[in-house]
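Biologist: I should like to learn how the features of a model such as this one are read. Might we take them in turn?

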Amino acid sequence: MISFPAVPRVIGHRGSARLAPENTLASIRRAHADGARWVEFDVKLTADLVPILMHDDTLDRTTNGTGLVADLSLARIAELDAGSWWGPAYAGERVPTFAAALHLLSRLGLGANVEIKACPGFEVETGRVVATALANGWQAHLPPPLLSSFSPEALEAAAEAAPLIRRGMLVHDRRAEWRELAARVGAISVHIFHGFVTPELAEATAKAGYPLLAYTVNDAATARRMYGLGACALFSDVPGYLLTALG
Ligand code: G3P
Ligand code: MG
């Protein structure tokens, strides 16, 4: 297995997505409370180009709003409830700005994989804005962060804006030319859906010198299989559970 300095074996996915509303500060706090040392979350831009935490291109699934994130300003999105859909205990939870998330990470001492999840057509802009905000806002007492994206355009823009921030290439297609993509964006790691990770693929990533990270692993058997194949870290919606189950 290739080691990946400063990156722990388990990374909370969207914070702790099975135990709190994903991509909220509550979800990040929950991952931390459950023992995670790093979290992953998704970042995209509002209509006025402010980076916020959100997975989908639309507001419908994870807030009480509707429509495209790219059509609304931060002021409008900040009024939305991002917790009630999950349960009454989280009513009033807001869509966090990236700046607020960085502040919380600093307070909790958490590392992060920041996934650039650009709204369609905004790949370059999002890569540039998120990488710049990360370079300016990351606190030196934390481990060096890791940017990632499925979009090579977003990662290229990130590399140009903040060349010193490490980049990982996300792979969502079994047939993807991951080597070419990783080389193109100057990635230092590849992040692959666990269902695509075969012994051959794991061996090929190791031979090419890339740490392999697998998403999203929520059970101990799959986690053991991934580590057995050489994965150095796993993204999990239940980081606390995996940490306990794996001992
Ligand atoms: O970064 C790993 C994982 O989050 C990628 O997929 O759709 O959950 O953002 P998704
Ligand atoms: Mg993600």
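**Reading the features**

Modeller: Let us begin with the largest pocket, which holds about 160 Å³ of space. Please keep in mind throughout that this is a predicted model.

Biologist: Which residues are closest to the centre of the largest pocket?

Modeller: The lining comprises 15 residues, and those closest to the centre are His-13, Glu-40, Glu-115, Phe-150 and Tyr-215. Two or more lining residues come from each of strand S2 (38-45) and strand S4 (111-116). Sorted by class, the lining has four nonpolar, six polar and five charged residues.

Biologist: Which protein donors does the magnesium ion (ligand 2) have?

Modeller: The donors are Glu-40 (OE), Asp-42 (OD) and Glu-115 (OE), at 2.0 to 2.2 Å from the ion. Their spacing in the sequence is E-x1-D-x72-E. Asp-42 belongs to strand S2 and Glu-115 to strand S4, so this pair ties together parts that lie 73 residues apart in sequence. Glu-40 and Glu-115 were also named among the residues closest to the centre of the largest pocket.

Biologist: How should one judge the backbone geometry?

Modeller: As a general guide, most residues other than glycine have a negative phi, and most peptide bonds are trans. Arg-14, which is not a glycine, has a positive phi of about 55 degrees. Arg-14 is located in the loop between strand S1 (10-13) and helix H1 (25-33).

Biologist: Which two residues does a cis peptide bond join?

Modeller: The cis bond joins Tyr-215 and Thr-216, with omega about -25 degrees. Thr-216 is found in the loop between strand S8 (212-215) and helix H8 (220-229). Tyr-215 is one of the residues closest to the centre of the largest pocket.

Biologist: At what angle do helix H5 and helix H6 pack?

Modeller: One considers both the angle and the separation of the axes. Helix H5 (residues 152-161) and helix H6 (residues 178-185) pack at about 25 degrees, and their axes are 9 Å apart. Angles under 35 degrees count as roughly parallel, and H5 and H6 are therefore roughly parallel to each other. From H5, Pro-152, Glu-153, Leu-155, Glu-156 and Ala-159 meet Leu-181, Arg-184 and Val-185 of H6. The residues of this contact divide into five nonpolar, no polar and three charged.

Biologist: How many cavities of 30 Å³ or more does a search of the whole structure find?

Modeller: The search finds one, and the largest cavity has a volume of about 60 Å³. Its lining includes Glu-22, Asn-23, Thr-24, Leu-53, Met-54 and His-55. Further lining residues include Thr-62, Thr-63, Ala-82, Val-95 and Pro-96. By class, this lining has five nonpolar, five polar and one charged residues.

Definitions and conventions. Residues are numbered from 1 along each chain as its sequence is written. Chains are lettered from A and ligands numbered from 1 in the order in which they are written. This is a predicted model: local features need pLDDT of at least 70, side-chain atom pairs count only at pLDDT 80 or more; totals for chains, interfaces and linings use all residues. Side-chain values use heavy atoms; hydrogens and water are left out. Axes are lines fitted to C-alpha atoms, for helices over the stretch in contact, and angles run from 0 to 180 degrees between N-to-C directions. Helices (H or I, at least four residues) and strands (E, at least two) are DSSP runs, numbered from the N terminus. Angles under 35 degrees count as roughly parallel, over 145 as roughly antiparallel, 65 to 115 as roughly perpendicular and the rest as oblique. Contact means heavy atoms within 4.5 Å. Ala, Val, Leu, Ile, Met, Phe, Trp, Tyr, Cys and Pro count as nonpolar, Asp, Glu, Lys and Arg as charged, and the others, Gly among them, as polar. On a 1 Å grid over the protein atoms alone, a cavity is a set of points where a 1.4 Å probe fits but cannot get out, and a pocket is an open set with protein on both sides within 12 Å along at least five of seven lines; lining residues have an atom within 4 Å of a point. Grid points are joined across faces, edges and corners, and a volume is the space filled by probe spheres set on the points. Donors are N, O and S atoms within 2.8 Å of the metal (3.2 Å for Na, K and Ca); water is not among the atoms, so sites may look incomplete.
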